Amino acid sequence: MEQRDYPLEKVRNFGIIAHIDAGKTTTSERILYYTGMSHKIGEVHEGEAVTDWMEQEKERGITITAAAITCFWNPTYMGTDLSRKHRFNIIDTPGHVDFTVEVERSLKVLDGGVVVFDGVAGVEPQSETVWRQADKYHVPRICFINKLDRTGASFERSYQSILDRLNKNAVRAQLPIGSEGDFEGVIDLLKMKAYKFEGDMGNQVIEYDIPANMVEEATKRRAEFVEKIVEFDEEMMNQYLEGKTDFAIDDLKKALRKGVIANKVFPVFTGSALKNKGTQLILDAVIDYLPSPLDIPAVKGIDPNTGEQIERTASDTEPFAALAFKLQTDPFVGQLTFFRVYSGTVEAGSYLYNSTTGQKERLGRIVRLQANKREEVKKVFAGEIAAAVGLKDAKTSHTFCDENKPIVLDPIKFAEPVVSLRIEPKTKADQEKMGMALKKLSDEDPTFRISSNQETGETIISGMGELHLEIMIDRMKREFGVEANVGKPQVAYRETIQGSAEEEYKYIKQSGGKGQYGHVKLTIKKLEPIEEGAKIPKNVHREDGFEFIDSIKGGVIPQEFIPAVEKGVKEAMERGIVAGFPMTDVSCELTFGSYHDVDSSEIAYKIAGSQAFQAAAKRARPVILEPIMKVEVVTPEQFMGDCTGSLSSKRGQIEGMEDRGMNKAIRAMVPLSEMFGYTTELRSMTQGRGSMTMEFDHYDVVPPNVEKTIVESRK
């Protein structure tokens, strides 16, 4: 039997997460270089980065897809002692808000994260978003304040912004020596030693004594650090309270590791990835403090046969369970399905059972990625991340498992798209290719949706923002050779009801021969959220934004016609009531009805369900919902009045203002419909010095005067 080459405790699955432009990809590139994966360092600003392999990533200098890379690290100073060598599976995630899906799906399968901050800007809006996503999945993190060599960088200010805006439990693990142009190296507060990075690309880490002018501050900060660490070990805590301060470094590391894994403390490191200072010590910290697959709680799922909750622990001897978290079309091998193995093992050439769909597929080849190179592997073990080649039916968030011991793991939840636009092929030849291209792209990215308007026959694509759609259209052109004409971006409105209503409808059609008969009574009301972990009754079918309750007693409608009623209701919801937008957050209960021995049919119940729902919804106070965006504008102080004024004129609600370095940051909630083209307006208002970021926050009811305009524009 094949043995795993690295024991589980020496495996680390972690991601590099951050706001756009904090230096994630540069940090990843350094990691690849120091771990011997790439022989020269690719720079993002020269368009050479290994993990950014898409054309669009090179041109824009941003990361779009999360690249999964396997590499190996032997801690600094271990020399030739390879007993401590570890395997890293690293995912470099994008920072741009339009690609939230990539961060979300990566965090779901990672055990830990390195959160990178820009030493000048500190915590930025998107840093808050990824931090909250990591909180949601309980991902332990260490922080890296990067770019300390830049003008205006300040370790203390950035550290303070982490405490103020993210978590009070961040604690300094290092101090920088000098800053901006004089940034030389870092002080390790546990070892109380200074480090500088010399030689080719900073690959020689040199340890020396702390400079005399910094001893006092380092001593003070170390005392704070130790005080924080001892909280995680009862015995050390007691000794500390009795006055002991000189603990063994290994004991301090063990206690700190416990705290990090419990998400109770976040050590902060510093450096400059671009200037090759500090990256190796981050890799050491990943080994010391971030969890291996053995340290994280067992993964939970549902037994598809019984509906009971079951769990799987990270062990090769447990039944196989894995989650597909990403699809990618690879120019060389075709479709790649990335999956994380939670328990058991799987071999190339075996059959994979997909418990989400109930189907089996042959697993031909398994590859491990080293960014854009790949290595074939015969077998994948618990706790590892790999990619399967050529699976046809697997989609993001499907579970693969042992057919005899099935489990369905918690799926990844994705945000709803908020911007859509019309798209049509330029020529007949483009038409066929366009369908294929759109299908492939939407399989890869669950926040990119395609729908067609049945009345006009137009194809509508929807996504998380203008940039998201722009990149998708660009990819369609480059990767699939499809030329298309594109309409103006539109807001993805929704409809819902605010009241409740009851409606009965009989659909009867008699015309010589077999007739049609369907009779239903529905009650609809606003959908209430359920408590996490609450059991859903058997007669309730619940999905995002909709719930169908079957309360038919004594077979007044035969069981086989009930799904048809639900289908009719769903079709009516798709068509909307007020202005033809899809409806959401509705609970529909089928309470009564009747049937005819001969004439009843599925189609009759579908029509009855649809008509009853429409009539009820019209009386249940239907309203239009619009996406509200969380906007942050950063501007020099002299333009602040103009900026707040312009946001207020766009129905924006100003939530707060604060200093951000030399500038002012304004936070506001603004409807998306008012924000198209705002970047250009902001630039002209601030002489090109203002910038903004926005991300979807929630849906809210449209004011009556705006609703009137929307309804009229749809006629």
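This is a guided tour of the structure above, with a suggestion at each stop of what to select next.

**The whole chain**

Begin with everything displayed, and keep in mind that the model is predicted. The chain holds 16 helices and 39 strands, and of its 715 residues, 56% count as buried. If you turn on the surface, its accessible area comes to about 31600 Å², of which 48% belongs to carbon and sulfur atoms. Among contacts in the chain with a separation of 6 or more, 71% are accounted for by residues 24 or more positions apart.

**Two nonpolar cores**

Next, select Phe88, Val114, Phe117 and Ile187, which touch the most other members of the largest nonpolar core, a group of 69 residues. Add helix H9, residues 279–289, which gives the most to this core, with 7 residues. In soluble globular proteins, nonpolar side chains tend to be buried together.

Now centre the view on Phe88 and ask which residues it is in contact with, leaving aside its neighbours within four places in sequence. They are Arg12, Phe14, Ile69, Thr70, Cys71, Trp73, Leu283, Val286 and Ile287. Apart from the core around Phe88 lies another, of 42 residues, and you can find it by selecting Ile461, Phe480, Tyr678 and Val702, which are among its members.

**A small open sheet**

Move on to residues 299–302, which form strand E12, and show strands E13 and E24 as well, because the three make an open sheet in the order E13-E12-E24, with antiparallel pairing. Strand E13 (309–312) and strand E24 (408–409) stand at the edges with a single partner strand each, so one side of each has no neighbour in the sheet. Strands E12 and E24 are joined by 2 bridges, and if you pick Gly301 you will find Leu409 of E24 standing opposite.

**A hairpin**

Select residues 540–543 and 546–550, which are strands E33 and E34, running antiparallel and joined by 4 bridges. Val540 stands opposite Ile549 in E34. The hairpin has 2 residues between its strands, and Gly545 takes a positive phi near 75°.

**Helix H13 and what covers it**

Select residues 602–619, helix H13, whose 18 residues should span 26 Å at 1.5 Å a residue, and whose end C-alpha atoms are indeed 26 Å apart, so the two values agree. Which residues of H13 are buried? Colour Ala604, Tyr605, Ala608, Gly609, Ser610, Ala612, Phe613, Gln614, Ala616 and Ala617 to see them. An α-helix has 3.6 residues a turn, so residues three or four places apart point the same way.

To see what covers the buried residues of H13, show elements including strands E30 (494–497), E31 (501–509) and E32 (516–526), helix H12 (562–575), and strands E35 (586–594) and E36 (622–635). Following H13 you will come to Arg621, whose phi is positive, near 50°.

**Strand E38 between its partners**

Keep strand E36 on display and add residues 663–671, strand E38, in which 7 of the 9 residues are buried, so that the strand is largely enclosed by the rest of the structure. Strands E36 and E38 run antiparallel and are joined by 8 bridges, with Ile628 standing opposite Pro671 in E38. Finally, add strand E37, residues 653–660, which is also antiparallel to E38 and is joined to it by 7 bridges; here Arg660 stands opposite Asn663 in E38. Strands of a sheet pair through backbone hydrogen bonds, either parallel or antiparallel.

Definitions and conventions
Residues numbered from 1 in each chain as written. Predicted model: local features only at pLDDT ≥ 70, side-chain atom pairs only at ≥ 80, totals over all residues. Heavy atoms only, no water. Pairing = 2+ DSSP bridges. Core = buried A, V, L, I, M, F, W, Y, C linked by side-chain atoms within 4.5 Å. Buried < 20%, exposed > 50% of the residue type's maximum accessible area, 1.4 Å probe, protein only. Contact = heavy atoms within 4.5 Å. Expected span 1.5 Å × (residues − 1). Areas by Shrake-Rupley, 256 points an atom, 1.4 Å probe, with all protein chains shown as cover.
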